[in-house]
2 protein chains.
Amino acid sequence: MSELSGLSEVTHLNFADAVITRVRSLGHPLCVGLDPHLDLIPALFRRGSMAAEDPATVAAVSELLEAFLDRLKGKVAIVKPQSAFFEQLGAAGIALLQQLMQRAREQGLLVLLDAKRGDIGSTAEGYARAYLDPNAPLRADALTVNPYLGLSTLAPYLERCQSHGRGVFVLVKTSNPGSADIQDLNVGGRPVFVQLAAALSEPAKQLVGPDTGWSALGVVVGATYPEQAVRVREVLPNALFLVPGYGSQGGSAKDATCAFVRGPAGLEGGLINSSRAILFPDAPGSSPSAWEKAVDAALDRAIDELGSAVSA
Amino acid sequence: MSELSGLSEVTHLNFADAVITRVRSLGHPLCVGLDPHLDLIPALFRRGSMAAEDPATVAAVSELLEAFLDRLKGKVAIVKPQSAFFEQLGAAGIALLQQLMQRAREQGLLVLLDAKRGDIGSTAEGYARAYLDPNAPLRADALTVNPYLGLSTLAPYLERCQSHGRGVFVLVKTSNPGSADIQDLNVGGRPVFVQLAAALSEPAKQLVGPDTGWSALGVVVGATYPEQAVRVREVLPNALFLVPGYGSQGGSAKDATCAFVRGPAGLEGGLINSSRAILFPDAPGSSPSAWEKAVDAALDRAIDELGSAVSA
């Protein structure tokens, strides 16, 4: 594969330093997903038809997510809004996403926008500007990106890692069974995802944070594929892993941390995402206080389980 | 690769029929890209700082694009807004995109949203709902999608092709040099993009329109790689090609139509996109009428060139 070039020295602002410092102090790597599935919104918050085009729906989602963010404050390092669920609400949904990202940051939470963007040239530059520039209306701290269009298309995001302390997570081996279709294709004895990981090794080194030794160039590696995660870790020793698939998709805490390594406060090296199990606990109750208790219990359970896994 | 299943009979509404019928009647396959690069907006339309976060910027882009759509009416079959350039303007940019797509449809233009989305499970479903469902605020007629996460992740889009007459264009071989990094990797003697195209052949057959014989499952194949386009055509005889890279990226009209085949009104089989050369003609003038003339001339030039290429 071709090489990414043109990255010069890393500045002091480094996304990996920011997130890993918080993770160490909290004692767990939980990232909480904000995926407002309309079908799963509890009765307490539902308004009107709950159809995507009904303005009352945006108000319902907004109320749910604001109350939810209040439960997370001080307990997790980072939240991950899933762009699709806001896009389906149209422009009003994006206005909500914009407010939500701002509110999360005001509450001291880092924001990783899960948008899996990928395009070429000036369009890739447009996506980087949209989500990683300091004055961008939809500014996030980090973004997930898709590498299918080639390594050089990642350059605009990596530049923002360097100049503005942002983070990027490149899709490498995703948590779904269908991920094999392209990611596992055999290229001269190695699957595509290992080939890709190897090609990311140089730029990852260039984005290592001075405080923690972790890189602002991260990768997405599903908790459902622990063996593959270990192979990616071999070629990317400094890359943060964003690990989806823990909890609802069947990955255990042990699987999710299998590519973590010993650090000053336990095993570290990534963020483990849980969305539905926390935002939509099984018995959400019918009063605000019952709902708060249900969310707190689901959150504490994930924190305890992941905290134990990394301190083991 | 695994197979996509669960698609039953095609309904009478078929995106390929809709677009190819228009293309035949107009005599050219031009698709006009709506990529409002802020740096390229002509003086006539500029307002304020033109920074992404300045509200005056959205007004300027809106005025430009509305005036531009008026020039296209009745002359082209389809327009292709590039989502990144609206996303960089935040929620106000998405509100503009929403209005613009509606206005284009009211003017009889089909709308292909270039968003290159790709995700798994319920998130893929969210993207399909966001852009292809009948009541979606951001409803388009067709969407570009990224296949890196696997073929089964395309199912929600293909379902909308079948049930709502929508179209989908899967990224196969993109127009940028870096596209080789993953798309050209050799898998048992065939590049990844050919392997992918072959895997799309069954679902493409299932989405063939009764009127024209073309499929609502299309593929993106850059005009800069004519030989590769011919290989993709061999395995996907019915797939519409969305061909970027004509004009500003160096692909000629001949290259762009190299995988077209003889139809009742000349060579056909795809849409050839031009964005910058038409939206931002070289000498845009300093009065509204001069700007209109410059846009009309650029538009007519592309129409003539592509019309000649397909009638040759």
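How many of the eight residues of helix α8 (residues 192-199) of chain A are buried? Seven of them are, so to the first close-up, with the reminder that this is a predicted model.

**View 1. Helix α8 of chain A is mostly covered.** The buried residues of α8(A) are A:Val192, A:Phe193, A:Val194, A:Gln195, A:Leu196, A:Ala197 and A:Ala199. Over in the other copy, α8 (192-199) of chain B is one of the elements that give two or more residues to the side touching chain A.

**View 2. Here is the axis that relates the two chains.** Turn chain B by 180°, with 0.0 Å of shift along the axis, and it lands on chain A with an RMSD of 0.0 Å. The two copies are thus related as by a two-fold rotation axis. Looking for a landmark in chain B? Try B:Val187, whose C-alpha is the nearest to the axis, at 2.6 Å.

**View 3. Chain B meets chain A through a contact that takes 54 residues from each chain.** On the chain B side, the elements that give two or more residues include α3 (83-87), α4 (90-106), α7 (180-183) and β6 (186-187). The top contributor there is α5(B), with seven residues. Sorted by class, this side of chain B has 26 nonpolar, 22 polar and six charged residues. Of the interface residues of chain B, 100% are also interface residues in chain A, so the copies meet through the same surface.

**View 4. Eight strands of chain B close into a barrel.** Going round, the order is β1-β2-β3-β4-β5-β8-β9-β12, and the pairing is parallel. Neighbouring strands are turned by 30° against each other on average, direction ignored. Zoom in on the place where β1 (residues 30-34) and β12 (residues 270-274) of chain B run parallel: three bridges join them. There, B:Leu30 has B:Ile272 in β12(B) as its bridge partner. Helix α6 (residues 155-164) of chain B packs on the sheet, where it touches β4 (142-145), β5 (167-173) and β8 (215-221). The direction of α6 makes about 140° with that of β5(B).

**View 5. B:Val168 sits among the residues with the most contacts inside the largest nonpolar core.** That core has 231 residues, and the others at the top for contacts are A:Tyr131, A:Val168, A:Val219, B:Tyr131 and B:Val219. Neighbours within four places in sequence aside, B:Val168 is in contact with B:Ala142, B:Leu143, B:Val145, B:Tyr157, B:Leu158, B:Cys161, B:Ala216, B:Leu217 and B:Gly218. In soluble globular proteins, nonpolar side chains tend to be buried together.

Definitions and conventions. Residues numbered from 1 in each chain as written. Chains lettered and ligands numbered in written order. Predicted model: local features only at pLDDT ≥ 70, side-chain atom pairs only at ≥ 80, totals over all residues. Least-squares fit on C-alpha atoms with pLDDT ≥ 70 in both. Contact = placed C-beta atoms within 7 Å. Pairing = 2+ DSSP bridges. Helix = DSSP H or I, 4+ residues; strand = E, 2+ residues; numbered from the N terminus. Axes fitted to C-alpha atoms, helices over the stretch in contact; angles between N-to-C directions. Nonpolar A, V, L, I, M, F, W, Y, C, P; charged D, E, K, R; others polar. Buried ≥ 20, exposed ≤ 12 C-beta atoms within 10 Å, placed from the backbone. Core = buried A, V, L, I, M, F, W, Y, C linked by C-beta atoms within 7 Å.
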